[in-house]
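Got the viewer open? Let's walk through this one together, one selection at a time.

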Amino acid sequence: MVLPTLSVIVANYNHSSLLPRALEAMLAQSVLPLEILVVDDGSTDNSRTVIESFAQRSSIIVPIFKERNSGVADTTNRGIAAAKGDFVYLAAADDEVLPGFFERATTLAAQHPQAGIIISDIV
């Protein structure tokens, strides 16, 4: 079975202390996404340094830096516009995906190609 590709969009604003946990959980998935677009909404903390560090470590981390804060909707839309995957997963910098989540989601998408959205419970 060929799995569809997944673009992860991580909206970040001043969450440099939480962002590493979120990105580590995504990079530890059994099925990796095509890309993890980390869209920084003009953070004033050291988020940029954290994002650049992860981008150097993994080629699937794609930083997008906005100069000014414009809110989560604009930040998410910026990520969606840049996404290349068949599906997108919208995340926040303080989210942590459980092991196997991307594999289960993309498997469901492959099994139900007519589906336009996959929804899961939040723990």
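## First stop: a linked trio

Start by selecting D41, K66 and D74, which are joined in a network of salt bridges. Keep in mind as you look that this is a predicted model. Zoom in on K66 and D41: their side chains meet in a salt bridge, 2.7 Å from N to O. The pair connects distant parts of the chain, with K66 in strand β3 and D41 in strand β2, 25 residues apart. Are these two buried or exposed? Both K66 and D41 are buried.

## The sheet

Now switch to a cartoon view and find the open sheet of 4 strands, which pair in parallel in the order β3-β2-β1-β4. Look at the two ends of that order: β3 and β4 (87-92) are the edge strands, each with a single partner, so one side of each has no neighbour in the sheet. Neighbouring strands here are turned by 20 degrees against each other on average, ignoring direction.

Next, highlight β1 and β2, a parallel pair with 6 bridges between them. If you want one spot to click on, try S7, which sits opposite E35 in β2.

## Helices on the sheet

Select α2, residues 47-57. This helix packs on the sheet, where it touches β1, β2 and β3, and its direction makes about 155 degrees with that of β3. Which of its residues are buried? Color S47, V50, I51 and F54 to see them. Looking down the axis of α2, you'll find these buried residues within an arc of 95 degrees, so they line one face of the helix. Their cover includes β1 (6-12), α1 (19-27), β2 (35-41) and β3 (61-66). Spin the helix to its other side, and there are T49 and Q56, both exposed.

While you're on α2, show the side chains of R48 and E52. They form a salt bridge, with the closest N and O atoms 3.4 Å apart. Both belong to this helix and are 4 residues apart, about one turn. R48 is partly exposed at 40% relative accessibility, and E52 is partly exposed at 34%.

Then move to α3, residues 72-82, which lies across β1, β2, β3 and β4 and runs at about 150 degrees to β2.

## Into the core

Go back to strand β2 and pick V39. This residue is buried, with a relative accessible area of 0%. Beyond its neighbours within four places in sequence, V39 has contacts that include I9, V10, I64, T75 and G79. Measure across to A91 if you like: C-alpha to C-alpha, V39 and A91 are 10 Å apart in space, and 52 residues apart in sequence.

For the largest nonpolar core, select V8, V10, L19, L23, M26, I36 and V38, which touch the most other members among its 20 residues. β1, α1, β2, α2 and β3 each supply at least two residues, and α1 gives the largest share, with 5. Click on I36: leaving aside neighbours within four places in sequence, its contacts include V8, V10, L23 and M26.

## Last stop: R21 and E96

The whole structure holds 5 salt bridges. Finish with the one between E96 and R21, where the closest N and O atoms are 3.1 Å apart. E96 is in the loop between β4 and α4 (101-111) and R21 is in helix α1, so the pair ties together parts 75 residues apart in sequence. E96 is partly exposed at 48% relative accessible area, and R21 is partly exposed at 42%.

Conventions:
Residues are numbered from 1 along each chain as its sequence is written. This is a predicted model: local features need pLDDT of at least 70, side-chain atom pairs count only at pLDDT 80 or more; totals for chains, interfaces and linings use all residues. Side-chain values use heavy atoms; hydrogens and water are left out. Buried means under 20% relative accessible area, exposed over 50%, partly exposed in between (1.4 Å probe, protein chains only). The arc is that of the directions from the helix axis to the C-beta atoms. Contact means heavy atoms within 4.5 Å. Two strands pair if DSSP finds at least two bridges between them. Axes are lines fitted to C-alpha atoms, for helices over the stretch in contact, and angles run from 0 to 180 degrees between N-to-C directions. A nonpolar core is a set of buried Ala, Val, Leu, Ile, Met, Phe, Trp, Tyr and Cys residues joined through side-chain atoms within 4.5 Å. A salt bridge is a side-chain nitrogen of Lys or Arg within 4 Å of a carboxyl oxygen of Asp or Glu.
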